Amino acid sequence: MDRDSVPSARDDGPEAGGGGWSGFLVGAGCLTVLLGVVGIWLYGLIALVG
């Protein structure tokens, strides 16, 4: 074991790449939550004004 060297990235770590499908699912989930929050905010604003 050489304590002076920088450890290399593991093959199964998140920085290894290849997360296309999981990245898509995370993005879709974030978009869904964002649209839900904006929809609730608009519904409350319309109920307050109208």
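This is a short tour of a predicted model, one selection at a time.

**Whole chain.** Start with everything shown as a cartoon. The protein chain holds one helix and zero strands. Now switch on the surface: about 4,800 Å² is exposed, and carbon and sulfur atoms supply 69% of that area. Of the 50 residues in the chain, buried ones make up 2%.

**Residues 20-49.** Select this stretch next, which is helix H1. How many residues does H1 have, and how far does the helix reach? H1 has 30 residues and reaches 43 Å from its first C-alpha to its last, close to the 44 Å expected at 1.5 Å a residue. While H1 is highlighted, look at its cover: the helix is hardly covered, with a count of zero buried residues among its 30.

**Trp21 and Phe24.** Show these two side chains as sticks. They sit three residues apart in helix H1, so about one helical turn separates them. In an α-helix there are 3.6 residues a turn, so residues three or four places apart point the same way. The count of aromatic pairs in the model comes to one. Trp21 and Phe24 form a stacked pair, because their ring centres are 5.7 Å apart and their planes meet at 25 degrees. Is Trp21 buried or exposed? With a relative accessible area of 64%, Trp21 is exposed.

**The nonpolar patch.** Finally, select Leu31, Leu34, Leu35, Val38, Trp41, Leu42, Leu45, Ile46, Leu48 and Val49, and colour their surface: together they make a nonpolar patch of about 1,100 Å². Pause on Leu31, which lies in helix H1. Leu31 has 49% relative accessibility, so this residue counts as partly exposed; the cut-off for exposed is over 50%.

Definitions and conventions. Residues numbered from 1 in each chain as written. Predicted model: local features only at pLDDT ≥ 70, side-chain atom pairs only at ≥ 80, totals over all residues. Heavy atoms only, no water. Helix = DSSP H or I, 4+ residues; strand = E, 2+ residues; numbered from the N terminus. Expected span 1.5 Å × (residues − 1). Buried < 20%, exposed > 50% of the residue type's maximum accessible area, 1.4 Å probe, protein only. Areas by Shrake-Rupley, 256 points an atom, 1.4 Å probe, with all protein chains shown as cover. Patch = residues over 30% accessible without salt bridge, like charges linked within 9 Å, V, L, I, M, F, W, Y side chains within 5 Å. Salt bridge = Lys/Arg side-chain N within 4 Å of Asp/Glu carboxyl O. Phe/Tyr/Trp six-rings, centres within 6.5 Å; stacked < 30°, edge-to-face > 60°.
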